[in-house]
Amino acid sequence: MAVFSKHPVSPPPAAPVREKTGHLMLRGWCIFVLFLALSGVAWVNAIGTVAACALLGASALVSVVLWIVLRPPVQWRRLPWFPLAYALWAGLSLLWSQWPGASALTWLMLLITTTQGLFVAAALTWHELVRGIASALKWCLGLSLVFELWVSVVVGGPILPEFQRPTHSVNPIVYWSRDNLFDGGRIQGIWGNANLLAAVCLVAIIVFSIRIAARAPRRTLLWLWTALAAFLLYRADSATVYVSAVMAVVVLATVLLMRTARTPGARTLLYSVYAAIAIGGALAVWLMRDVVFALLGRSADLTGRQTIWAHVLERAVQRPVAGWGFATPWISTDPHFDGWIIDHGQTVMQAHNVWIDVFLQLGAVGIVLLALTYLAFLWRSWFFAVDRPRWDLRADRPYSALTLLPTLIGTVLIVQGVAESEPLLLWGWMFVVMLGFKIKQAPLVGVGPAEQSLAIERGELNPERAL
């Protein structure tokens, strides 16, 4: 079939519009910001705490300057108010904190992470955002594999943070890498922590799979990256992340089934069935927890976490309303935390449970604000995934695979928060702010004519006024 004619009415073929250099640089910077959040403690292990904090602060300053200069369109009435309220309450806790130094430092980190999440969401469209997350994840996975190979092949033994070789026998928990790549043990990647590596690998599998489903270019390479993420996830061997992966699959199946419902009554029936399954499944897992954790190769007390929870709750109930003061993570050099809870000879730096940690730091008020934050995020993420994009009478627009990302990420964070406190900082908190803000700013993906779709996605056009 002819696509071009020499007739003067037919326009000559033109090359695709190329992105401006400035926008390409902006996307590159956003990828670095995402990589900075996803890699997390890898920077502390590589260049030390002071230098890592300086890098984090400098990156936030650059993002603020770019935001002021570029002024991406933002509907200010649609800010993620609950995460901002949580951050504000954490800052106010400086007034009564029992560890003001730790509170000031960690609150600054929270403020930086929140700002970066808002900036990236405002600067990128949905397609650019998912693509940027995928690029940052590739750097994390690639560097982890190269790092473990370097330790095993070149160094030939365990390595301590800041590339130091151990001169005497130390507890393996302090190693940056334990040189386990070829001996079948758990590997830790650039984070020096197998649980952190596994969580990022699971996020990578989700993001790469969504990109493949969205028919992104170079899908063969995406399949290879997915295979690498699966391999590193298997070698990290994190029971918490395995459970998160199962729950993510359940949520994915539920969303896809919900998309087939044609009437509100059909959806109500599905909600009832899944609620019954969820309650029954949770009860069964709790009653059979000894068997479940034995199958996962873990103890029924979640590898000592129940002991940690008991210590934290003992202190938390002494100040149940406002808490003792924000500190996420706990600063191990602070006298209030140094030697308070010891695990494997090291000072514990978190409660290993999001809700218990927040109860200690910010009391019942903090728990309510965090619960509202997650509830609002999950609520919007759910309907963002199950509802067709619609802003006029047309009700048959196709679903976009990209809309699955927020609800699957939210599932991972909620499950991980049962046994870890990482969702409260770095990429965990940044993704809640970033994705929640993006849904409020651009609740539709890939609808209408190209110009209108891009305007809605960038937040320049309110879909309610697109008629």
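These questions and replies look at helix packing and cavities in a predicted model.

Me: Why is helix 5 called oblique to helix 15?
Reply: Take the angle. Helix 5 (residues 100–123) and helix 15 (residues 426–441) pack at about 40°. Angles under 35 degrees count as roughly parallel, and 65 to 115 as roughly perpendicular. The value of about 40° fits neither range, so helix 5 is oblique to helix 15. Their axes lie 8 Å apart.

Me: Is the crossing of helix 5 and helix 15 left-handed or right-handed?
Reply: Helix 5 passes helix 15 in a right-handed crossing.

Me: What makes the contact between helix 5 and helix 15?
Reply: Contact means heavy atoms within 4.5 Å. On helix 5, the residues are L110, T113, T114, Q116, G117, L118, V120, A121 and A122. On helix 15, they are L426, W429, M430, V433, M434, F437 and K438. By class, that contact has eleven nonpolar residues, four polar and one charged.

Me: Why is helix 9 called oblique to helix 13?
Reply: Use the angle again. Helix 9 (residues 239–258) packs against helix 13 (residues 354–386) at about 50°, with the axes 9 Å apart. Roughly parallel needs an angle under 35 degrees, and roughly perpendicular starts at 65. About 50° meets neither condition, so helix 9 is oblique to helix 13.

Me: Which residues of helix 9 and helix 13 meet?
Reply: Helix 9 brings V251, T254, V255 and M258. Helix 13 brings W382, A385 and V386. Six of these residues are nonpolar, one is polar and none is charged.

Me: How many cavities of 30 Å³ or more does a search of the whole structure find?
Reply: There are three. The largest has a volume of about 70 Å³, and the second largest about 60 Å³.

Me: What lines the largest cavity?
Reply: Its lining is V33, L36, A37, L56, I112, T113, Q116, L426 and M430. Helix 1 (21–39), helix 5 and helix 15 each give two or more residues to that lining. The classes are seven nonpolar, two polar and no charged.

Me: What lines the second largest cavity?
Reply: The residues are T106, M109, L110, T113, T328, L424, L425, L426 and W429. Here the elements giving two or more residues are helix 5 and helix 15. The largest share, four residues, comes from helix 5. The lining divides into six nonpolar, three polar and no charged residues.

Conventions:
Residues are numbered from 1 along each chain as its sequence is written. This is a predicted model: local features need pLDDT of at least 70, side-chain atom pairs count only at pLDDT 80 or more; totals for chains, interfaces and linings use all residues. Side-chain values use heavy atoms; hydrogens and water are left out. Axes are lines fitted to C-alpha atoms, for helices over the stretch in contact, and angles run from 0 to 180 degrees between N-to-C directions. Angles under 35 degrees count as roughly parallel, over 145 as roughly antiparallel, 65 to 115 as roughly perpendicular and the rest as oblique. A crossing is left-handed if the near helix is turned anticlockwise from the far one by less than a right angle, and right-handed if clockwise. Ala, Val, Leu, Ile, Met, Phe, Trp, Tyr, Cys and Pro count as nonpolar, Asp, Glu, Lys and Arg as charged, and the others, Gly among them, as polar. On a 1 Å grid over the protein atoms alone, a cavity is a set of points where a 1.4 Å probe fits but cannot get out, and a pocket is an open set with protein on both sides within 12 Å along at least five of seven lines; lining residues have an atom within 4 Å of a point. Grid points are joined across faces, edges and corners, and a volume is the space filled by probe spheres set on the points.
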